[in-house]
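Visitor: Please take a close look at a single part of this structure, the place where two helices pack against each other, and tell me what is to be found there and how far the model can be relied on.

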Amino acid sequence: MEGRESRRANDIFFVCSLVDYIARKTKNRRSDVVEALGPQRLGRIVELADVYHCDNIDAVSDHFIEEADIGEGVFDNVAAARYAVPSHWDIGKVYKRLVLAIADREGTTDVGAILRAYRSPVSALIDNYNGSFYYDSPEAIYDAYATGELE
């Protein structure tokens, strides 16, 4: 069916949106949330994303905050935003496109691509809601990731 995303793309979208939701809720950098979740837990979330997506995101996020022992941080890019704040779904979509590009172009697993995306300097640019980087085209965001040439 035209216009529908693959299950893989939907699963990555949910995982990235969940990471953003947890980060906002705990006031942590997205990269810190991904590190706290770790590759095994991220793999489980990817594998069961279609199940978790059917549940309340507050309940799912609380479960993983507790399981990964994610404490309260001091990074609050939502409060620091001077303009309209994109939703966790909006940012999830930006990261999803980057993760899929990394996995497909670099031949890594989806979990490996998630780790690479959030560990890269591009992550800080995406998470700066006072900038416009997260509005850039998926290709421009991937190019900045791949070349390290950041705005």
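Guide: The model is a predicted one, and its protein chain averages a pLDDT of 92, with 97% of the residues scoring at least 70. Among the elements of the chain, helix α7 (residues 110-119) has the highest mean pLDDT, 97, while the lowest, 86, belongs to helix α3 (residues 49-52).

As for the packing itself, helix α1, which covers residues 7-26, and helix α2, which covers residues 30-47, lie with their axes 11 Å apart and at an angle of about 145 degrees, and the crossing of α1 and α2 is right-handed. On the α1 side the contact includes Ile12, Val15, Leu18, Val19, Ile22 and Ala23, together with charged residues such as Arg7, Asp11, Asp20 and Arg24, and these α1 residues belong to a set that meets α2 residues including Val33, Val34, Leu37, Leu42, Ile45 and Val46. Taken by type, the residues of this contact divide into twelve nonpolar, one polar and six charged.

The cysteines deserve a word as well, since a disulfide is a covalent bond between the sulfur atoms of two cysteines. The structure holds zero disulfides, and for Cys16 the nearest cysteine sulfur, that of Cys54, is 18 Å away. Cys54 therefore has no partner, because the closest cysteine sulfur, in Cys16, is too far for a bond. The surroundings of the two can be stated as well: Cys16 counts as buried, at 0% relative accessibility, whereas Cys54 is exposed, with a relative accessible area of 71%.

Definitions and conventions: Residues numbered from 1 in each chain as written. Predicted model: local features only at pLDDT ≥ 70, side-chain atom pairs only at ≥ 80, totals over all residues. Heavy atoms only, no water. Axes fitted to C-alpha atoms, helices over the stretch in contact; angles between N-to-C directions. Helix = DSSP H or I, 4+ residues; strand = E, 2+ residues; numbered from the N terminus. Left-handed = near helix turned anticlockwise from the far one by under 90°. Contact = heavy atoms within 4.5 Å. pLDDT = per-residue confidence, 0-100. Disulfide = S-S within 2.5 Å. Buried < 20%, exposed > 50% of the residue type's maximum accessible area, 1.4 Å probe, protein only.
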